[in-house]
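Q: I am new to reading protein models and would like a close look at one kind of contact. Could you take me through it step by step?
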Amino acid sequence: MNNNDFLQNKSEKKKNSTLESYRESLKKKKIKLSFLKKDLLKISNNYSEKFLQIEKRLQKKINNTYCFSLEKKILSMLPVIDSIDSTENVLNNCNYENSDIYIFLKKIQKNFSSFFLKYNILVINSINIPFDPHLHQAISIDFSKKYQNNYIANIIQKGYLLRNRLLRPALVSVSKIK
């Protein structure tokens, strides 16, 4: 082997060794890149979940704000509705069911009923059901023995629920058996 061959061979070995080291380095960097991609994907998924939770919570708050924004307005209308109901009862008791006022009041009540349906407002006015302190407020006791003990005997004033949230409890008379 001559000197040129020796130098050329040495140069090739050096190139091969450098090439091998680059390949090894590249392989290590690819593995590191793979781990970094996995970490990034994991972090991205975590933030996506958090973002979805925040979005869901905000949507719920928006819906509640929208749904219950009418609460004060409806509460201010309840005395008017109570007056219409009591006027209708008086006209019923006096046998004025065919009068113009009675017919007009019935139309107004029908309009309120459709309004209640549209905005998911429920009227609490059932008798002969168990007393529920979450929906009813006991005003008097009924000893007539017409109903079971602790059942609603009479509705004194209707109660209202807005999307299952109590606006006003029903004022009731509760049955009591001695």
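Which residue forms a salt bridge with Glu20, and how far apart are the closest N and O atoms of the pair?

A: Happy to help! This is a predicted model, in which local features need pLDDT of at least 70 and side-chain atom pairs count only at pLDDT 80 or more, while totals for chains, interfaces and linings use all residues. Residues are numbered from 1 along each chain as its sequence is written, and side-chain values use heavy atoms, leaving out hydrogens and water.

The partner of Glu20 is Arg23, and their closest N and O atoms are 3.6 Å apart. That counts as a salt bridge, which is a side-chain nitrogen of Lys or Arg within 4 Å of a carboxyl oxygen of Asp or Glu. Both residues belong to helix H1, and because they are three residues apart there, about one helical turn separates them. (Helices, H or I with at least four residues, and strands, E with at least two, are DSSP runs numbered from the N terminus.) Glu20 is partly exposed, at 45% relative accessible area; buried means under 20%, exposed over 50%, and partly exposed in between, using a 1.4 Å probe and protein chains only.

Searching the whole structure gives five salt bridges, so let us visit some others.

Arg168 pairs with Asp82, with 2.8 Å between the closest N and O atoms. Arg168 sits in strand E5 (residues 165-168) and Asp82 in helix H2, so this pair ties together parts that are 86 residues apart in sequence. Arg168 is buried, at 14% relative accessibility, and Asp82 is buried as well, at 18%.

Lys158 forms a salt bridge with Asp85, and here the closest N and O atoms are 3.2 Å apart. Lys158 lies in the loop between strand E3 (152-157) and strand E4 (159-162), while Asp85 is in helix H2, so the pair links parts 73 residues apart in sequence. Lys158 is partly exposed at 26%, whereas Asp85 is buried at 11%.

Now for the domains. An automatic or database domain assignment sets the bounds: domain 1 covers 1-84 and domain 2 covers 120-177. Eight residues of domain 1 are in contact with eight of domain 2, where contact means heavy atoms within 4.5 Å. Two salt bridges are counted between the two domains. Another salt bridge to find in the model joins the side chains of Arg165 and Glu71, at 3.1 Å from N to O. On the side of domain 1 that touches domain 2, the elements giving two or more residues are helix H1 (3-68) and helix H2 (71-93). H2 gives the largest share of that side, six residues.

Finally, look at the loop between H1 and H2, where you will find Leu70. Leu70 is partly exposed, with a relative accessible area of 25%. Leu70 and Tyr119 are 49 residues apart in sequence, and their C-alpha atoms are 8.9 Å apart in space.
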